[in-house]
Amino acid sequence: MAYSSNAPLGDSIEQVYGNHHGWLYGWLWRQLGSREDAAELAQDTFLRLLAARQATVLAEPRAYLRTVAHALVVNHWRRRDLERAYLQALALRPEREEPSPEQRALVLETLVRIDTMLDGLATKVRRAFLMAQLDGMSYLQIGAELGVSDRMVRKYMAQAMLACMSLLDD
């Protein structure tokens, strides 16, 4: 990242905050189009800085802050897209089956965790898993689609299932 253990003693976190918070907030506001979201993600960025910073100093504070903030923006957009898709699916359900706000929050959090897990899988592992789970394809069909053997599909599925099991440990 933008850490440098050989740099001279740099600004304190308070100085970095004072010198760069306004700039970061403006950058986030332009990215998100929302003052509230920009303020929240700016605070989250500085919280990450506090959590990550130990004996090193920032050589390029803005580069570091922008990198962290960009990752938070991507996660924000991903979560928003998942929430929108979930709410659209809920709108298709009969009203009597409407989940409580607590249930909706739990489902949305679970969807975000699943999405993050899937994003962490290798492309062929993710595709094999989704073809099996969403399309109901057999391992032979998946192998033909991916151009791999049935044995490799089994290996992919084992990797995906292991990743799913890790969600239960969190």
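## Where α1 meets α3

Let's start with a helix pair: V16, N19, H20, W23, L24, W27, L28, Q31 and L32 in α1 are in contact with P61, R62, L65, R66, A69, H70, V73, H76 and W77 in α3. By type, the residues of this contact comprise eleven nonpolar, five polar and two charged. Please keep in mind that the model is predicted.

As for the geometry, helix α1 covers residues 13-32 and helix α3 residues 61-91. Their axes lie 10 Å apart and make an angle of about 35°. The crossing of α1 with α3 is right-handed.

## A look at R127

R127 sits in helix α5, which spans residues 123-134. R127 counts as partly exposed because its relative accessibility is 38%, and partly exposed lies between under 20% (buried) and over 50% (exposed).

Which residues does R127 touch, not counting those up to four places away in sequence? They are E145 and L146. Along the chain, R127 and A160 are 33 residues apart, and their C-alpha atoms are separated by 9.9 Å.

## How confident is the prediction?

For the protein, the mean pLDDT is 84, with 88% of the residues at 70 or more. Among the elements, helix α6 (residues 139-146) has the highest mean pLDDT, 93, while strand β1 (residues 3-4) has the lowest, 40.

A word of care about the start of the chain: over residues 1-9, pLDDT stays under 50. The model has 19 contacts beyond four places in sequence for residues 1-9. Predicted coordinates should not be read in detail where pLDDT is low.

Definitions and conventions
Residues are numbered from 1 along each chain as its sequence is written. This is a predicted model: local features need pLDDT of at least 70, side-chain atom pairs count only at pLDDT 80 or more; totals for chains, interfaces and linings use all residues. Side-chain values use heavy atoms; hydrogens and water are left out. pLDDT is the predictor's confidence in each residue, from 0 to 100. Helices (H or I, at least four residues) and strands (E, at least two) are DSSP runs, numbered from the N terminus. Contact means heavy atoms within 4.5 Å. Buried means under 20% relative accessible area, exposed over 50%, partly exposed in between (1.4 Å probe, protein chains only). Axes are lines fitted to C-alpha atoms, for helices over the stretch in contact, and angles run from 0 to 180 degrees between N-to-C directions. A crossing is left-handed if the near helix is turned anticlockwise from the far one by less than a right angle, and right-handed if clockwise. Ala, Val, Leu, Ile, Met, Phe, Trp, Tyr, Cys and Pro count as nonpolar, Asp, Glu, Lys and Arg as charged, and the others, Gly among them, as polar.
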